[in-house]
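Please work through the exercises below with the sequence and the structure open beside you. Try each task on your own before you read its solution.

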Amino acid sequence: MKRMVYQKVVSCIATVIILVGMIAFFLFPKKTFSEQENQELERFPKFSKEALLDGSFIEGLESYLCDHFPLRNSFLNIKTQFEKALGKKEINEVYLAKDDYWIEKYKEPVNNEKIIRVLNSFADSLETAECYVMLVPTAITIYQDKLPAFVDGSRQEENRQYLLGQIQAKKIEVGEILKEHASQYPLYYRLDHHWTGYGAYFAYRAFAQELGLSVRELEEYKISEVTKEFKGTIYSKVSDFSAEGDTITLFQLPDQKLQVTYTDTKEVTDSLYQLDYLEKKDKYSLFLNNIHPLVEIENLEAQSQEELVIVKDSYANCFVPFLTEYYRKIYVVDTRYYRLPVSTLINENPAVKNVLILYNMNTIDTDLGIGGIY
């Protein structure tokens, strides 16, 4: 008898939860973008006889219901807490590593030969400018000592060295200097896939030394912490509400006079930082104002007349501020959105003496724009 009563109580509770969930689903406003996950949410699929027959309507409907489930973020957090309690060290392709670091899993590359072919062809197409390549290892390589015992973190570095060996342009090797300082400074965010300003600084040192430029010491910069509440892309994958945010640090030369032009929006500013993003979840976008096809940065008091073109992913956004003092002008190109051949931009501008291709090892294999680099 007691068992029957228990089963009825459980059934009633489950029924109430389902009914409340259904009512809430229809009453709650539907968002088109998730700040928590930093991505567009699935839209209600368009119905047609063909879509119903081939299964795409049902598939789209399932995705829509999952994305708009009431209190979805809270349920994701409960799921994460349960998995952590069970001792799991990998959640949604993220390793829960030592020192509260969350490190993204490295996926086996599929586009190596295309990358090699494209970058070599691009370097050959440059008429006068010198081409350099910087392939940046991610935290899984630099923080191998923090990974769970069952994870082999060597695969990314093996692939990075293979690419560097096949690419004909000059290389800026940053792996060793990052490893050298990994225990002294936070080189990568704990809850985001980007490197920090400190990681970018030590990569800048490698760049400057390779090109024979004078190198500034850390003490020469105005270093300021602008937030301690950054919870980035990796946090969105794990959804652990108990995690403490990361610190974003800026490195500035106060006496510089810059003019920064975003060519798509025609916006002109004197700063490399859009601090309004500190009020949003995607705080890393404060560097160079998020995504733009082409950003032109002019040093109004530059002694050099040389110019630099950077072809890049978002790792470059916090790297660029270290380079502005060395060039009269820097062109920052995101080939995912820049529709003209980058080689044309370079070859038609004789002031461009150096070209830097900067990608992290996760992005370069999946970047959709790299094929249009030349």
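The exercises that follow go from the whole protein to single elements and residues, and they concern a predicted model.

**Exercise 1. The overall picture**

Task: State how many helices and strands the protein has, and what share of its residues count as buried.

Solution: Begin with the elements, of which there are 11 helices and 15 strands. Then turn to burial, where 50% of the 374 residues count as buried. As a last step, consider contacts between residues at least 6 apart in sequence: 71% of these join residues at least 24 apart.

**Exercise 2. The nonpolar core**

Task: Find which residues of the largest nonpolar core touch the most other members, and which helix gives the largest share of this core.

Solution: The largest nonpolar core holds 99 residues, and those touching the most other members are Met134, Tyr188, Trp195, Phe319 and Leu356. Its largest share, 10 residues, comes from helix α9, which covers residues 197-211. Now take Phe319 as one example: leaving aside neighbours within four places in sequence, its contacts include Met134, Trp195 and Leu356, and also Ala200, Ala203, Tyr204 and Phe207. Finally, a second and separate core has nine residues, among them Val94, Trp102, Ile234 and Tyr235.

**Exercise 3. Helix α9**

Task: Check whether the span of α9 agrees with or departs from the value expected at 1.5 Å a residue, and then describe the two ends of the helix.

Solution: The helix has 15 residues, for which a rise of 1.5 Å a residue gives an expected span of 21 Å, and because its end C-alpha atoms are 21 Å apart, the model agrees with the expectation. At the start of α9, a side-chain oxygen of Thr196 comes to within 3.2 Å of the backbone nitrogen of Tyr198. Just after the helix, Gly212 takes a positive phi of about 75°. Between these ends α9 is mostly covered, since 13 of its 15 residues are buried.

**Exercise 4. The eight-stranded sheet**

Task: Write down the strand order of the open sheet, and explain why β7 and β11 each have one side without a neighbour.

Solution: The order of the eight strands is β7-β6-β15-β13-β14-β12-β10-β11, and the pairing is mixed. Strands β7 (170-171) and β11 (267-269) stand at the edges with a single partner strand each, and therefore one side of each has no neighbour in the sheet. Helix α9 packs on this sheet, where it touches β6 (130-136), β7 and β15 (352-360), and its direction makes about 155° with that of β6. For an example of pairing, β10 (residues 258-262) and β12 (residues 294-299) are antiparallel over five bridges, and Leu258 has Asn299 of β12 as its bridge partner.

**Exercise 5. Strand β14**

Task: Decide whether the residues of β14 are buried or exposed, and describe how this strand pairs with β12 and β13.

Solution: Five of the five residues of β14 (residues 329-333) are buried, so the strand is largely enclosed by the rest of the structure. To sort these residues by face, recall that side chains in a regular strand alternate between the two faces of the sheet. Here Lys329, Tyr331 and Val333 lie on one side, with Ile330 and Val332 on the other, and both faces are covered. With β12, the strand β14 runs antiparallel over five bridges, and Val295 stands opposite Val332. With β13 (residues 307-312), β14 runs parallel, again over five bridges, and Leu308 stands opposite Ile330.

**Exercise 6. Two residues compared with a cut-off**

Task: Explain why Tyr273 and Thr249 count as buried, and list residues that each one touches.

Solution: The cut-off needed here is that buried means under 20% relative accessible area. Tyr273 counts as buried because its relative accessibility is 13%, and the residue sits in the loop between β11 and β12. Not counting residues up to four places away in sequence, Tyr273 touches Leu250, Phe251, Gln252, Leu286, Phe287 and Pro321, and a polar atom of its side chain lies 3.5 Å from the backbone oxygen of Phe251. Thr249, which belongs to strand β9 (residues 246-252), is buried because its relative accessible area is 8%. Leaving aside neighbours within four places in sequence, Thr249 is in contact with Gly197, Tyr198, Ile223, Ser224, Glu225 and Phe287.

Definitions and conventions
Residues are numbered from 1 along each chain as its sequence is written. This is a predicted model: local features need pLDDT of at least 70, side-chain atom pairs count only at pLDDT 80 or more; totals for chains, interfaces and linings use all residues. Side-chain values use heavy atoms; hydrogens and water are left out. A nonpolar core is a set of buried Ala, Val, Leu, Ile, Met, Phe, Trp, Tyr and Cys residues joined through side-chain atoms within 4.5 Å. Buried means under 20% relative accessible area, exposed over 50%, partly exposed in between (1.4 Å probe, protein chains only). Helices (H or I, at least four residues) and strands (E, at least two) are DSSP runs, numbered from the N terminus. Contact means heavy atoms within 4.5 Å. The expected span of a helix is 1.5 Å times one less than its number of residues. A polar contact is a pair of N or O atoms within 3.5 Å; within protein, one must be able to donate a hydrogen and the other to accept it, and residues adjacent in sequence count only if both atoms are side-chain atoms. Two strands pair if DSSP finds at least two bridges between them. Axes are lines fitted to C-alpha atoms, for helices over the stretch in contact, and angles run from 0 to 180 degrees between N-to-C directions.
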